[in-house]
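Good morning, everyone, and thank you for making time for this. Please have the sequence and the structure open while I talk, and stop me whenever something is unclear.

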Amino acid sequence: QGAVVFVGDSLTANWNAKQMAELFPKLKIANRGIGGDVSRGVLFRFQEDVLDLNPKAIVLCIGTNDLSAHGNPADTAANISAVVELARKQNAKLPIVLCTVPPRDSAVAPTQPGAHKDLNARILKLGEGKENLVVLGLFSVLADADGKPVLEYFAKDRLHLAEPGYKKWAEALAPILAALKVE
């Protein structure tokens, strides 16, 4: 209850509690990431897994599995938008951070050409002009100049994050949470 709730897929789920506590020492954290989850799954479980915790703030990172499943970026963005609306119905001033989908370069989980860029553009648009909602460009934080994963930040599969990747995510997230007055 009253935690900053991180919600998403394995990118969130794999962020271990010890590292989260070290990276966010002043925050109470609840990790509600589920490996393999898609945006529709987050929407389905959002009330019970997130809103029922009366979150202090929400950090949402979802969409990479939608891309793996060759889902339509417009549908994924609509699901993310519906999640935001559910949060707003419960608390209109609740701080929300939407994360763009990080870079990926996995031969076993290819995406449709242009879908990744399309989805991230839609996520960025969801944050435009919204009060207490900020988009963290996680793609640019973790990508090299060619838009590929910075290898140091990723596991060998070039899809999941390694410990330095989580540290980089936390470094990018900290000033956003501070600006949203999440303490």
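**Helix α8 and the core**

Let me start with two residues in helix α8, Y166 and W169, which are three residues apart and therefore separated by about one helical turn. Please keep in mind that what we are looking at is a predicted model. The ring centres of Y166 and W169 lie 6.2 Å apart and their planes meet at 20 degrees, so this pair counts as stacked, and both residues are buried. They also belong to one aromatic cluster, together with F6, W15 and F24.

Now to the helix itself: α8 has 17 residues and spans 25 Å from its first C-alpha to its last, close to the 24 Å expected. At L173 the helix bends by about 30 degrees, and a proline, P175, follows within four residues. Among the buried residues of α8 are G165, A170, L173 and I176.

Where do these side chains go? In general, nonpolar side chains in soluble globular proteins tend to be buried together. Here the largest nonpolar core has 28 residues, and V59, V97, L136, W169 and L173 touch the most other members. Helix α8 gives the most to this core, with seven residues. Leaving aside residues up to four places away in sequence, L173 touches F6, F24, V59, V97 and L136. Apart from this core lies another, of 27 residues, including L94 and V135.

Finally, a search of the whole structure finds six aromatic pairs, and the rings of F6 and F24, with centres 5.8 Å apart and planes at 50 degrees, make a pair that is therefore tilted.

Conventions
Residues are numbered from 1 along each chain as its sequence is written. This is a predicted model: local features need pLDDT of at least 70, side-chain atom pairs count only at pLDDT 80 or more; totals for chains, interfaces and linings use all residues. Side-chain values use heavy atoms; hydrogens and water are left out. A nonpolar core is a set of buried Ala, Val, Leu, Ile, Met, Phe, Trp, Tyr and Cys residues joined through side-chain atoms within 4.5 Å. Buried means under 20% relative accessible area, exposed over 50%, partly exposed in between (1.4 Å probe, protein chains only). Contact means heavy atoms within 4.5 Å. The expected span of a helix is 1.5 Å times one less than its number of residues. The bend at a residue is the angle between axes fitted to the seven residues ending there and the seven starting there. Rings of Phe, Tyr and Trp (its six-membered ring) pair if their centres lie within 6.5 Å; planes under 30 degrees apart count as stacked, over 60 as edge-to-face and the rest as tilted.
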